Amino acid sequence: MDFTPPTADQLLAIRANAGIAELAETERFAAAEPDLVEAIVIGVGEFAAGEWAPLNRIGDLEGAKLENGKVRLPDGYADAYAHYVEQGWNAISGPEEFGGQSLPFTLACNVLENLGAANMAFTLLPILSVGAIEALAHHGSDAQKARYLEKLVSGAWSGTMNLTEPQAGSDVGALRTTAEPIAPDEFGGEHAGRYRIKGQKIYITWGDHELAENIVHLVLARLPGAPEGSRGISLFVVPKYHVNADGSLGTHNDLRPVSLEHKLGINASPTCVMSYGDNDECIGEIVGEENRGLAAMFTMMNNARINVGNQGVQIGERATQQALAYAADRVQSARAGASDRTPVTIAEHPDVRRMLLRMMALTHGARALLYYTAGQVDRGTLGQAEAKTRAEVLVPLLKAWGTDIGVEVASLGVQVHGGMGFVEETGAAQHYRDARIAPIYEGTNGIQAADFVTRKLGIENGEAVLALFADIARECSEEGALAELACACAGVAEWMRDRASLDDRLAGSVPFTTMSAVAVAGWQLLVQLRALDGEDTPQALHKRAVVRFFLDRIVPEAAGLRASATAGADSLYTLEAAALAG
């Protein structure tokens, strides 16, 4: 099925939830005027629909392949990526001094939303590059910025992050990859001050490919004598090809893809097992301070978590479009409550209508949360401390709930298709398979929820989280269920902060995260409705119906999670671990 960019709803979210007009009043983002914003949203939507969407199905069927030590993509991918770079889409929010356009992060989110809805697996390539740009821009030396950023910003080179190892999983502190200082007389002195990297990393998204001229790997490793655990991790930049002093590419570094993972979905995204230093000649440079690598990598991960939350919106949009089209075309049975017994399209049947409205409501809610978060990130960039803190609170909500709804919406899309959804020919199953990775990578959703009830609830002794709920309750007082949900969230937050043990907080973290995300999404959907107040356009009529569904059905469901959020951990441990299997 073709992809149609949801341009009108995106522009509404950018204006109402991100507050793009207010951002454009500042010197930093003065270029983000209405005409330019609209041109970007329309332009990237057309590009995504025209060049990336047609590759989605072939990417799923053929996938990435490792042949003779090199990763190959299906025909068409190289040209589509080259056009993406040529048209400057990668550089939207990149630093101006390195060839970027320095536009708001909000607009970069829109670029990724359109590209990802068109082809989620392909879009993981620029997502990782954006994260690498963030990490080097904040933590790299002047020489590293000069060497790598211009090419990363343009997209001519791509980036990766290398954390996970086979024995460590999510426990990054257990990594074994090493970095040995290179002696001044080694390699003829060419790599003085650098490090010899040795180890293996797994689940490296787009770890190798031929679409970009070079790949800039950011690798976590441990220096000799470093402290145990996460306190002893350093970050290194390890290029696929060495970069000469004049910026040209040199010889191939001592790194390689060992294999590609065989996955449930995102088959066009090469998920690599990467080996560094098989011949003891893998060269890297340290980024930032020794033993501070995890902090530097978290700059990259925080950005990636927003963009993965965006993936929930992407796959939700694509699955919803396909389900709506199928339901409008598939004729089956008369509507049960109608006197006319003429068969109707399945979109007329109450339960199918419920599923379709739920798909739309969840997707619109996640989009509102996405652009509200992006707008807070942009205000943080402008030095607004309160907005920066608000963005920190929102990130785990967006990543966790956004990706959860992506899976739910894709699953509902299969259900709307009935038996035709369970066979591969319709493509509905691909959306479901692709969506399932998003709650897992960049920190599982359980890790996001744990972060929310520990680090984020700990900001300002809980006042940053409570301020969010107070804003919602105050601004949504006319919507009783939503205001009550916000108050319930505040009550859970206070219980977790003041009375719950750490185990109790973690046991209730996932339902509490869902409650909180739904509250913010409902609030931001009301912000959209107010922006359309008085309008009688098709968009306004559509939005009112979708938001009403969200407020009347999804918000009360979230309020019902309070008991689970405050149930504590005791009931989880009535059985010993050995007795769980019965």
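**Figure 1. Overall dimensions of the protein chain in this predicted model.** A compact globule of 582 residues would have a radius of gyration near 25 Å, and the protein chain comes in at 24 Å, so the two agree. Lay the C-alpha atoms along the principal axes and they fill a box of roughly 90 × 60 × 55 Å. The secondary structure adds up to 20 helices and twelve strands. Take the contacts between residues at least 6 apart in sequence, and 74% of them join residues at least 24 apart.

**Figure 2. Surface and charge of the protein chain.** The accessible surface comes to about 23,300 Å², with 51% of that belonging to carbon and sulfur atoms. As for the inside, 57% of the 582 residues count as buried. On the charge side, there are 47 positive and 74 negative side chains. The centres of those two sets lie 4 Å apart.

**Figure 3. Close-up of I197 in strand β5.** The strand runs over residues 195-205. I197 has 0% relative accessibility, and buried means under 20%, so this residue counts as buried. Leaving out residues up to four places away in sequence, I197 touches T177, T178 and A179, then V219, F236 and V238, and further along the chain Y276, G277, C282, I283 and G284. For a sense of distance, look at S275: 78 residues separate it from I197 in sequence, while their C-alpha atoms are 9.8 Å apart in space.

**Figure 4. Close-up of T106 in helix α6.** Helix α6 covers residues 105-118. T106 counts as buried because its relative accessibility is 0%. The thing to look for here is the polar contact, at 2.7 Å, between the side chains of T106 and D378. D378 also turns up among the residues that T106 touches, along with I14, A18, L23, Y371, A374 and G375, once residues up to four places away in sequence are set aside.

**Figure 5. Close-up of L468 in helix α15.** This helix spans residues 463-475. With a relative accessible area of 0%, L468 is buried. What does L468 touch, not counting residues up to four places away in sequence? On one list of neighbours you'll find R390, V393, L394 and L397, plus V520 and W523. A490 makes a handy reference point too: it sits 22 residues from L468 along the chain, with 8.9 Å between the two C-alpha atoms.

Note on methods
Residues numbered from 1 in each chain as written. Predicted model: local features only at pLDDT ≥ 70, side-chain atom pairs only at ≥ 80, totals over all residues. Heavy atoms only, no water. Helix = DSSP H or I, 4+ residues; strand = E, 2+ residues; numbered from the N terminus. Rg over C-alpha atoms; globule rule 2.2 N^0.38 Å. Buried < 20%, exposed > 50% of the residue type's maximum accessible area, 1.4 Å probe, protein only. Contact = heavy atoms within 4.5 Å. Areas by Shrake-Rupley, 256 points an atom, 1.4 Å probe, with all protein chains shown as cover. Lys, Arg positive; Asp, Glu negative; His and termini not counted. Charge placed at Lys NZ, Arg CZ, Asp CG, Glu CD. Polar contact = N/O pair within 3.5 Å; in protein donor to acceptor, adjacent residues only side chain to side chain.
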